[in-house]
Amino acid sequence: VVDIDVTGRSVLLTGVDRTTEAVVRRLVREGATVTLVAAHPPTALVDMAARGQLTLVVEPGPYQAYDLVIGPRADVPAPAAPQARGPEGTGRVTLVGGGPGDPGLITVAGLEAIRTADVVVTDRLAPLECLAEAPPGATIIDVAKIPRGEHTSQERINAVLLEHARAGRHVVRFKGGDSYVFGRGGEEVVALTAAGIAVTVIPGVTSSIAAPELAGIPVTHRGVSQGFTVVSGHVPPGDPRSTLDWTSLARTRTTLVVLMGVHTLARICAELLARGMDPATPAATIADAGLPSQRAVRSTLSGLPDRVAEAGIGAPAVTVIGGVAAETLPGTPPASTSAQD
Ligand SMILES: C[S@@+](CC[C@H](N)C(=O)[O-])C[C@H]1O[C@@H](n2cnc3c(N)ncnc32)[C@H](O)[C@@H]1O
């Protein structure tokens with residue numbers, strides 16, 4: 001895969017093995033148009049397909065239609081049952097925050113944890129190319145949660161982590177951004193430590209800062225904003241499950257950063273306007289930050305929902321509201337230092 005220039009080429013992958021998630025991400029990053037034949041693809045790849053980054057098919061069609069056809073790697077079969085590396089009781093879990101999606105934005109410590117993993121339990125927003133760094137015998141388990149779609153319950157994820165750690169394995173729990181920023185990392189650590197499992201947490205670059213930054217927006221800026229407030233928009237203002245004080249948020253005079261808020265964007269902006277925020281306040285939404293599909297829409301608080309809808313922006317995206325959203329610093333994503341050689 002790696003020695004061929006795939007830019008602008010159509011590539012067919014004819015099956016799934018434990019390297020497929022990393023290979024697909026790498027091919028897409030290098031500019032290929034990727035089609036995958038899979039009856040039961042991992043959830044992270046279902047999500048990529050839903051986001052228009054990959055075509056999933058059950059039958060391949062004529063091979064001549066593609067520039068390149070790649071079969072599953074025979075040398076990396078998925079181990080049927082992961083082998084214990086140490087005696088029972090010596091297992092451990094490392095939570096790795098993988099950053100927003102570019103493989104160059106994982107930490108050195110995070111990558112090192114993956115390189116020593118027996119099992120990697122991964123989410124869809126983690127930099128999946130880094131999975132290629134797991135040892136050949138490691139098991140990759142996809143427990144991605146798609147908003148309002150396919151998902152593995154948190155109870156099930158905790159049980160998977162416990163099961164493998166109890167069997168003496170080094171389990172890496174691999175997440176997007178930082179594990180403690182709307183990542184449910186805290187719940188996993190509580191469950192594991194209550195069961196007597198040793199846990200290490202490696203911080204990650206959170207999308208709440210990185211997504212604006214990659215689009216040229218600093219969350220604080222001298223003379224513009226002296227702070228930033230990060231909130232979840234997964235439930236709209238007024239919803240009984242919302243604990244946010246929107247009157248205070250409209251008055252903070254800090255940058256407001258909203259995660260998980262594409263679906264609820266119109267209601268959030270309307271609420272801030274109703275609570276007195278200036279309609280001309282600069283605002284921006286950045287989707288797929290750190291990925292080749294990264295795009296940003298800039299507008300005002302009153303104009304943003306329409307602009308985002310017109311641009312067809314979907315999750316995952318971060319919205320920034322405040323004076324800094326008018327800044328246009330150089331924000332080009334870093335040159336990808338891919339984890340796979
Ligand atoms: C469940 S939260 C996890 C946040 C993550 N722990 C972090 O620190 O970035 C998922 C939300 O993070 C944001 N997000 C994560 N990765 C992103 C990316 N690459 N580009 C834009 N937004 C992203 C989106 O708001 C998405 O809905």
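Pro316 lies in the loop between α9 and β14. The peptide bond that leads into Pro316 from Ala315 is cis, with omega near 0°. The model is predicted. Most peptide bonds are trans, and most residues other than glycine have a negative phi. Two further residues depart from the second of these patterns. Arg184 has a positive phi of about 60°, although it is not a glycine. Arg184 sits in the loop between β8 (170-175) and α5. Asp288 is not a glycine either, and its phi is near 55°. The loop between β12 and β13 (295-300) holds Asp288. Their surroundings can be set side by side. Arg184 is partly exposed, with a relative accessible area of 38%. Asp288 is buried, with a relative accessible area of 5%.

Helix α1 spans residues 20-29. Ten of its ten residues are buried, so α1 is largely enclosed by the rest of the structure. The buried set includes the charged residues Glu21, Arg25, Arg26 and Arg29. Nonpolar members of the set include Ala22, Val23, Val24, Leu27 and Val28. Several elements pack against the buried residues of α1. The strands among them are β1 (10-13), β2 (33-37), β4 (68-70), β6 (119-122) and β7 (139-142). Helix α2 (43-50) also packs there. Just after α1, Gly31 takes a positive phi of about 95°.

The pairing of α1 with α2 can be described further. Their axes come within 10 Å and cross at roughly 25°. An angle under 35 degrees counts as roughly parallel, and α1 and α2 are therefore roughly parallel to each other. Their crossing is left-handed. On the α1 side, the contact is made by Thr20, Glu21, Val24, Arg25 and Val28. On the α2 side, Ala44, Leu45 and Met48 take part. By class, this contact has five nonpolar, one polar and two charged residues.

A second helix pair is formed by α4 (residues 154-166) and α5 (residues 185-194). These helices pack at an angle of about 45°, with their axes 10 Å apart. That angle makes α4 oblique to α5. The crossing of α4 past α5 is right-handed. Helix α4 brings Gln154, Ile157, Asn158, Leu161 and Leu162 to the contact. Helix α5 brings Glu187, Glu188, Ala191 and Leu192. The residues of this contact divide into five nonpolar, two polar and two charged. An α-helix has 3.6 residues a turn, so residues three or four places apart point the same way. Such spacing appears in α4 between Gln154 and Ile157.

The nonpolar interior comes next. The largest nonpolar core has 20 residues. Leu256, Leu272 and Ile321 have the most contacts inside this core. Six elements, α7 (246-251), β11 (255-259), α8 (265-274), β12 (282-287), α9 (304-310) and β14 (317-321), each supply at least two of its residues. Helix α8 gives the largest share, four residues. Leu256 touches Thr229, Val231, Leu249, Leu272, Thr319, Val320 and Ile321, not counting residues up to four places away in sequence. Apart from this core lies another, of 19 residues. Ala22, Ala117, Leu128 and Ile202 are among its members. Ala22 is also one of the buried residues of α1.

Definitions and conventions. Residues numbered from 1 in each chain as written. Predicted model: local features only at pLDDT ≥ 70, side-chain atom pairs only at ≥ 80, totals over all residues. Heavy atoms only, no water. Axes fitted to C-alpha atoms, helices over the stretch in contact; angles between N-to-C directions. Parallel < 35°, antiparallel > 145°, perpendicular 65-115°, else oblique. Left-handed = near helix turned anticlockwise from the far one by under 90°. Contact = heavy atoms within 4.5 Å. Buried < 20%, exposed > 50% of the residue type's maximum accessible area, 1.4 Å probe, protein only. Core = buried A, V, L, I, M, F, W, Y, C linked by side-chain atoms within 4.5 Å.
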